[in-house]
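Good morning, and thank you for coming. I would like to take you through one structure today, and I ask you to keep the sequence and the coordinates in view as I speak.

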Amino acid sequence: MSISTLTASASIASALFLPFLLQTSAVPNAAPTPVVAPAQGTIAPSDMLPPDLLPPEFVQCIDGLRAQALSAGVDAAVFDRHVRHLTPDFTVLPLLDKQPEFSTPIWDYLSGLVDQERVDDGKAMLSTHAQTLSRVAAQYGVDAPSVVAVWGVESNFGRNFGKRPLLVSLTTLSCMGRRQAFFRGELISALQIVQSGDVEAQALVGSWAGAFGHTQFMPSTFQRIAVDGDGDGRRDLVASVPDALASTANFLKVAGWRSGEPWGYEVRLPEAGAGTVSGRTERLPLSNWTSQGIVRADGGAITLPPSTPAALLLPAGRQGPAFLVFRNFDAIYSYNAAESYALAIALLSDRLRGGTGLRTPWPTPDPGLSRSERRELQVLLLARGHAIGEADGMIGTLSRQAIQQEQLRLGLQPVDGRAGQQILRALRDGAPAATPPATSPATSAKVPIALPAIAPVVPPPPMPESGRK
């Protein structure tokens with residue numbers, strides 16, 4: 001049977017068994033546990049299978065990977081110890097085509113990433129790591145708020161690295177699904193990292209696509225870009241904040257960061273004329289845009305030279321916020337190729353510099369929710385008897401189903417299960433509670449008698465496709 005047949009078989013297996021796995025092994029809306037550097041070791045035994053239990057086609061693929069890894073300088077003992085008998089993880093395959101940057105309305109995407117909670121945490125990190133960030137800025141020319149903004153969006157300042165063993169995910173994706181050649185390169189890079197001693201194998205835990213550490217580098221990016229920021233002779237983006245911050249600044253520098261220049265500005269368009277040409281790649285001299293009557297939304301001056309290449313972004317059309325972006329926006333974009341992602345980093349960095357946020361509202365009657373508002377919504381749903389699990393701010397399947405039920409009960413349109421201001425206001429206003437759904441002892445949730453204070457928890461960062469970095 002060919003590898004393509006194996007891929008098809010994996011898809012069938014995923015379709016048959018994934019729903020069961022998600023119901024029995026995952027806790028909906030559960031808050032992720034902050035990741036710390038684990039003890040030295042290798043992949044957990046639960047991720048291994050004896051050779052006679054592995055699908056023969058997968059074993060054949062592993063043999064090919066072994067030859068490729070050895071030709072790239074990976075020791076046979078390192079490959080055999082960490083990869084030879086890994087069990088494939090079919091649950092990563094559906095995630096290849098699921099990216100929040102491209103499937104979520106821009107106002108929902110940004111409302112959780114650039115909220116007051118993340119701004120406050122970011123300012124605390126600026127203070128805590130001021131000495132390191134000052135040294136990094138001097139060495140790489142990237143300002144502290146920009147570096148900390150990447151950190152905040154990528155891992156919520158180190159609170160959420162992801163939970164998947166990288167070698168398991170990358171081995172699976174090297175043999176199944178699309179872009180196998182790309183993931184094989186990442187797997188080999190991950191093995192080289194382990195072999196070098198920079199990061200232990202068990203510490204390589206992160207996203208389904210292979211990103212790991214405080215600022216979520218892909219293994220190949222780590223090999224090219226990561227630096228030793230604390231002087232201990234190792235490059236460790238998992239256990240060393242200085243290494244992660246310095247490596248992030250180095251990434252932006254290599255991507256073309258221009259020290260002292262802004263990423264861009266929120267701007268105001270004239271009533272007619274401007275905006276017929278927009279998009280990050282539609283670069284024109286700055287003077288072209290200003291001559292059309294485009295000005296900064298905050299009334300400030302645009303001090304860059306008139307010849308500076310600039311692009312106009314209209315992520316929600318002419319009726320929403322507009323942005324003129326420059327070279328540093330492109331550097332951020334190269335970290336993860338999605339304009340919404342780059343905007344999240346850019347706007348968070350502005351808030352960390354003391355900015356007050358967007359001047360122009362998003363063109364929707366139902367804006368998105370901050371993370372604290374999402375937790376509040378979940379508490380209100382729990383109070384109405386919906387067994388959604390913990391109020392953790394992560395809107396999972398059970399939360400969306402409960403929202404749909406409340407939208408139906410309240411006559412709200414559309415009935416889409418989306419967590420927005422409309423449903424939050426309706427539940428805040430004390431609309432009559434629905435009859436609590438019947439639940440089994442295994443799934444029943446405790447309903448608080450009174451609404452408790454909302455405690456900060458850790459939401460997951462956006463998880464882009466592995467083409468990043």
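Let me begin with Cys61 and Cys175, which are joined by a disulfide with an S to S distance of 1.9 Å. Please bear in mind throughout that this is a predicted model. As a reminder, a disulfide is a covalent bond between the sulfur atoms of two cysteines. The cut-off applied here is a sulfur pair within 2.5 Å, and by that rule the count comes to one disulfide. The link of Cys61 and Cys175 is left-handed, with -95 degrees about the S-S bond. Where do the two cysteines lie? Cys61 belongs to helix α2, residues 56-71, and Cys175 to helix α9, residues 166-175, so the pair ties together parts that are 114 residues apart in sequence. Both Cys61 and Cys175 are buried.

I turn next to the salt bridges. In general terms, side chains of opposite charge can pair when their charged atoms come close. How many salt bridges does a search of the whole structure find? The search gives 18. I shall discuss a few of them.

In one of these, the side chains of Asp108 and Arg418 meet at 2.6 Å, N to O. Asp108 sits in helix α5, residues 106-113, while Arg418 is in the loop between α17 (397-410) and α18 (421-428); the pair therefore ties together parts that are 310 residues apart in sequence. Are these two residues buried or exposed? Asp108 is buried, and Arg418 is buried as well.

Another salt bridge is formed by Glu117 with Arg375, whose closest N and O atoms are 2.9 Å apart. This pair also links distant parts of the chain, with Glu117 in helix α6 (residues 116-128) and Arg375 in helix α16 (residues 371-383), 258 residues apart. Again, both Glu117 and Arg375 are buried.

There is also a network: salt bridges that share partners join Asp63, Arg66, Asp80 and Arg84. Within this group, Asp80 forms a salt bridge with Arg84, and the closest N and O atoms are 3.8 Å apart. Asp80 has a relative accessible area of 28% and is partly exposed, because the range for that class runs between 20% and 50%.

From paired charges I move to Arg351, in helix α15, residues 339-352. Arg351 is buried yet has no salt bridge. The nearest side chain of opposite charge is that of Asp120, 6.5 Å away, whereas a salt bridge requires the nitrogen and oxygen to be within 4 Å. Which side chain makes a polar contact with that of Arg351? It is the side chain of Gln116, at 2.7 Å. In addition, a polar atom of the Arg351 side chain lies 3.3 Å from the backbone oxygen of Gly355. Not counting residues up to four places away in sequence, Arg351 touches Val114, Gln116, Val119, Lys123, Thr356 and Gly357.

Now the sheet. Five strands form an open sheet in the order β4-β6-β7-β3-β5, with antiparallel pairing. Its edge strands are β4 (284-285) and β5 (295-296), each of which pairs on one side only. Starting from the β4 edge, two bridges join β4 to strand β6, residues 309-313, and these run antiparallel. Here Pro285 stands opposite Pro309 in β6.

Strand β3, residues 264-268, deserves a separate word. Four of its five residues are buried, so β3 is largely enclosed by the rest of the structure. Four bridges join β3 to the antiparallel strand β7, residues 322-325, and Tyr265 stands opposite Leu324 in β7. Strand β3 is also joined to β5 by two bridges, again antiparallel. In that pairing, Val267 stands opposite Arg296 in β5.

My last residue is Thr248, in helix α12, residues 241-254. Why is Thr248 counted as buried? The reason is its relative accessibility, which is 0%. Leaving aside neighbours within four places in sequence, Thr248 is in contact with Val147, Val150, Thr215, Phe217 and Tyr335.

To close, I would leave you with two items. The disulfide joins Cys61 to Cys175, and Arg351 is buried yet has no salt bridge. Thank you; I would be glad to take questions.

Terms used:
Residues are numbered from 1 along each chain as its sequence is written. This is a predicted model: local features need pLDDT of at least 70, side-chain atom pairs count only at pLDDT 80 or more; totals for chains, interfaces and linings use all residues. Side-chain values use heavy atoms; hydrogens and water are left out. Buried means under 20% relative accessible area, exposed over 50%, partly exposed in between (1.4 Å probe, protein chains only). Contact means heavy atoms within 4.5 Å. Two strands pair if DSSP finds at least two bridges between them. Lys and Arg count as positive and Asp and Glu as negative; His and the chain ends are not counted. A polar contact is a pair of N or O atoms within 3.5 Å; within protein, one must be able to donate a hydrogen and the other to accept it, and residues adjacent in sequence count only if both atoms are side-chain atoms.
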